Amino acid sequence: MAINRRTILKALAAGSVCQWTPSAFAQQSTELIIGACRLAENQYALSAVDLDGRLQWQLPIPARGHDIAVHDTQNIGVAIARRPGQLLVLFDTQSGKQWQSFQVDDQLKLNGHAVWVGNELIVSGADRLTSQMILLRYTLKENQLHLVDKQRFDHFGPHQMVRFENAIYVAVGGLKTDEREVTNADDFQSSVLKLHASTLQTIAHYPAITNYVSLRHLTVDQTGQVFIAGQTQQQPRDSECLLFAIRDGELQPFAAPETLWAQLNGYLGNIQMINGNVVTTSPRSNWLGQFDTQSLALSDQFFAHDICALAQSSQGLVAGTGTGKMIIGEQAINSHIIWDNHFTVTNT
C-alpha cells in the first residue's frame, strides 16, 4: 500500500465544515481538543486547544494522566491515571477548573480508562497484587465523585471501555502485571466483554482468537459494530494479527498482510472511528492507518513521528504526537505540547 499523506488527510478531513484558516476558526471554533500531556520530567497536566491548535487552558496534575472521559450532557471531564497509577481528576471541560483530585484505594491500580453512564462513572481498574479485573462505579453529585460500588470479574487486566446504547464493551488485556512489568506474557487469556451498562452484568464474552495478543483499545461505529486493537506479547517479528471486529458473535481479524504486524512492532496504541473509517495508530512505528469498516482492509496510511492520540472533530481527523505535533483536518501544526496517547473532543 503506497503512502500518500495528502490523500489520507483529505479523506479523514471529509467532514470539514469550512476551509481551515486561523481567521475562520477565530470566529467559528466551537470545539476543544483535550488530552493529558507531560510538561517536563515528572510534571504532568491536562491541556485543551481549539481547532486552530491554540492553547485554551492547562491544568497541572500530580501524576501522569492517560485517557479522559467527558460527561454526555455536562461540562465535566475526568482524567484517569495510566497503569498502574491511582489518580482521578475531575474538572470543568470549558475552563480547566479542577473540581476534585484523589487517589483510589492502595489495593487498587487503574488502567487509564473510564466511561460515563448518565451521572455514573465506570472506571477500569484491577487488584494491585493479582491484576484481577475490578470495575469501580462512582456517582456524580455537586461536582464530586462518590464511590458506590466495586465489582470483581473472573478476568485480568481490563483496559479501554466504550458504551453503545445500554451496553458497555470492555477490552480485557488478560495480563498480570507488577507495576509495569508483565508477569504472564507466555500464558494469558484476552477477550472482550459486553456488559449491561446499568448492572455491569455480563451479556456476552468474546475470547481472543490469537494466543499472544493483548486486546487493549476499542471503538464503535454508529450501528454498534465494535472494532478492537491489540498489542503482542511476543517478539514484534512474530506478531499475530492486531486488529479485529466483532461479527456473528465472535472476533474476526482484519484483512491486512501478515507482514504488517511485524512492521508495526506488534503494537497499536489507539483506535478510533474517523468519518466512517477505522483509524489506528502505532507510536512505536510512527504510523497511522485507515481501514474500511466493511472489508476490514487497509485503505491508506502515512507516517508521523510518535503519533498516537486520535479523535473525531467537525474538521475530521484530530491526531497528536509525543513530540508536540498535531494534525487537525488537513493541517499539521506544532502545538508545543507533549501529548499522551488519547484525545477527547468536546463542544464549547
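Helices here are DSSP runs of H or I at least four residues long, strands are DSSP runs of E at least two residues long, and both are numbered from the N terminus. Keep in mind that this is a predicted model.

**Figure 1. The whole chain, with its 3 helices and 30 strands.** Before zooming in, here's the overall picture. The C-alpha atoms fill a box of roughly 55 × 50 × 40 Å along the principal axes. A compact globule of 348 residues would have a radius of gyration near 20 Å, and the chain comes in at 19 Å, so the two agree. Some 59% of the 348 residues count as buried. Among contacts with a separation of 6 or more, 51% are between residues 24 or more positions apart. The accessible surface is about 14,400 Å², and carbon and sulfur atoms own 43% of that. As for charge, there are 24 positive and 31 negative ones, with mean positions 4 Å apart.

**Figure 2. Ser131, in the loop between strand 9 and strand 10.** Strand 9 covers residues 120–127 and strand 10 covers 132–141, with Ser131 in the loop that links them. Its backbone is worth a look: phi of Ser131 is near 70°, a positive value in a residue that isn't glycine. Most residues other than glycine have a negative phi. Is Ser131 buried or exposed? Its relative accessible area is just 1%, and the cut-off for buried is under 20%, so Ser131 counts as buried.

**Figure 3. Phe156 and the residues it touches.** Phe156 belongs to strand 11, which runs over residues 144–156. Leaving out residues up to four places away in sequence, Phe156 touches Thr130, Ser131, Gln132 and Met133, and also Val172, Gly173, Gly174, Leu175 and Lys176. The Ser131 of the previous figure is therefore one of these partners. With a relative accessibility of 29%, Phe156 counts as partly exposed. If you want a sense of scale, pick out Pro62: Phe156 and Pro62 are 94 residues apart in sequence and 27 Å apart in space, C-alpha to C-alpha.

**Figure 4. Strand 12 paired with strand 13.** Strand 12 (residues 158–164) and strand 13 (residues 167–172) run antiparallel, joined by 5 bridges. Look for Val162, which stands opposite Tyr169 of strand 13. There are 2 residues between the strands of this hairpin, and Glu165 takes a positive phi near 55°. Why is strand 12 described as largely enclosed by the rest of the structure? Because 6 of its 7 residues are buried.

**Figure 5. His159 and its contacts.** Staying in strand 12, this view turns to His159. His159 is buried, with a relative accessible area of 7%. Which residues does His159 touch, if those up to four places away in sequence are not counted? The list has His66, His113 and His217, together with Asn111, Ser124, Ala171 and Arg216.

**Figure 6. The peptide bond from Arg83 to Pro84.** This bond is cis, with omega near 5°. Most peptide bonds, by contrast, are trans. To find the spot, go to the loop between strand 5 (76–81) and strand 6 (87–92), where Pro84 is placed.

**Figure 7. Asn265 and its positive phi.** Asn265 is another non-glycine residue with a positive phi, here near 60°. You'll find Asn265 in the loop that follows helix 3 (259–263) and leads to strand 22. At 30% relative accessibility, Asn265 counts as partly exposed.

**Figure 8. Strand 22 paired with strand 23.** Strand 22 spans residues 270–274, and 4 of those 5 residues are buried, so the strand is largely enclosed by the rest of the structure. Its antiparallel partner is strand 23 (residues 277–282), and 5 bridges join the two. Ile274 stands opposite Asn277 of strand 23. The hairpin has 2 residues between the strands, and Asn275 takes a positive phi near 50°.

**Figure 9. The hairpin of strand 24 and strand 25.** Here strand 24 (residues 287–291) runs antiparallel to strand 25 (residues 298–303), again with 5 bridges joining them. Gly289 of strand 24 faces Gln301 of strand 25. How many residues lie between the strands of this hairpin? There are 6, and Leu296 takes a positive phi near 60°.

Notes:
Residues are numbered from 1 along each chain as its sequence is written. This is a predicted model: local features need pLDDT of at least 70, side-chain atom pairs count only at pLDDT 80 or more; totals for chains, interfaces and linings use all residues. Side-chain values use heavy atoms; hydrogens and water are left out. Buried means under 20% relative accessible area, exposed over 50%, partly exposed in between (1.4 Å probe, protein chains only). Two strands pair if DSSP finds at least two bridges between them. The radius of gyration is taken over C-alpha atoms; the globule rule is 2.2 Å times the number of residues to the power 0.38. Contact means heavy atoms within 4.5 Å. Accessible areas come from the Shrake-Rupley method with a 1.4 Å probe; for residues, only the protein chains shown count as cover. Lys and Arg count as positive and Asp and Glu as negative; His and the chain ends are not counted. The place of a charge is taken as NZ of Lys, CZ of Arg, CG of Asp or CD of Glu.
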